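Hi everyone, thanks for having me. Today I'd like to walk you through one small set of features in a protein model, so have a look at the screen.

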Amino acid sequence: MDKRFLDIEGVCEYTSLSKSSIYKRVMNETIPFCKVGKRILFDREEINVWILNGGRMVEDIPAFKNFIN
């Protein structure tokens, strides 16, 4: 069973990116992450979407039903 949340080492292994590259993206907020205390964690599902979007952050598109009165 794969873990849903990855630490720095886990996301490096998962994406084949270096630690310095991941830390740079965290500092620039160009990779999805969350902080729990001092720990930086990455949701595997969000990282998958990030990879599929070419390493770009994408904001949620409003649902169609929000435009219906």
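Before I start pointing at things, one definition: a nonpolar core is a set of buried Ala, Val, Leu, Ile, Met, Phe, Trp, Tyr and Cys residues joined through side-chain atoms within 4.5 Å. And please keep in mind that what you see is a predicted model.

Okay, so which residues make up the largest nonpolar core here? There are eleven: Leu-6, Ile-8, Val-11, Cys-12, Ile-22, Val-26, Ile-31, Ile-40, Phe-42, Ile-47 and Trp-50. At least two residues of this core come from each of α1 (8-15), α2 (19-27), β3 (39-43) and α3 (44-52). The largest share is from α1, with three residues.

Let's stay with Trp-50 for a second. If you ignore its neighbours within four places in sequence, Trp-50 is in contact with Leu-17, Arg-25, Thr-30, Ile-31, Pro-32, Gly-55, Arg-56 and Met-57.

Next, the sheet. It's an open one with three strands, in the order β1-β3-β2, and the pairing is antiparallel. In general, strands of a sheet pair through backbone hydrogen bonds, either parallel or antiparallel. Here β1 (5-6) and β2 (34-36) are the edge strands, so to speak, each pairing on one side only. Between β1 and β3 you'll find two bridges. Follow Leu-6 across to β3 and you land on its bridge partner, Phe-42. Both of those names were in the core list a moment ago.

Now for charges. How many salt bridges does a search of the whole structure find? Two. One joins the side chains of Asp-43 and Arg-4, at 2.7 Å from N to O. That pair ties together distant parts of the chain: Asp-43 is in strand β3, Arg-4 is in the segment before β1, and they are 39 residues apart. Is Asp-43 buried or exposed? It's buried, because its relative accessible area is 7% and the cut-off for buried is under 20%. Arg-4, at 44%, counts as partly exposed.

In the other salt bridge, Lys-19 meets Glu-9, with the closest N and O atoms 3.0 Å apart. Lys-19 belongs to helix α2 and Glu-9 to helix α1, ten residues away. Lys-19 is partly exposed at 42%, and Glu-9 is partly exposed at 43%.

Last, the rings. Searching the whole structure for aromatic pairs gives zero. But Tyr-14 does have company: the charged end of Arg-44 sits over its ring, 4.6 Å from the centre.

That's my tour, thanks for listening!

Note on methods
Residues are numbered from 1 along each chain as its sequence is written. This is a predicted model: local features need pLDDT of at least 70, side-chain atom pairs count only at pLDDT 80 or more; totals for chains, interfaces and linings use all residues. Side-chain values use heavy atoms; hydrogens and water are left out. Rings of Phe, Tyr and Trp (its six-membered ring) pair if their centres lie within 6.5 Å; planes under 30 degrees apart count as stacked, over 60 as edge-to-face and the rest as tilted. A charge sits over a ring if NZ of Lys or CZ of Arg is within 6 Å of the ring centre and within 35 degrees of the ring normal. Buried means under 20% relative accessible area, exposed over 50%, partly exposed in between (1.4 Å probe, protein chains only). Helices (H or I, at least four residues) and strands (E, at least two) are DSSP runs, numbered from the N terminus. Contact means heavy atoms within 4.5 Å. Two strands pair if DSSP finds at least two bridges between them. A salt bridge is a side-chain nitrogen of Lys or Arg within 4 Å of a carboxyl oxygen of Asp or Glu.
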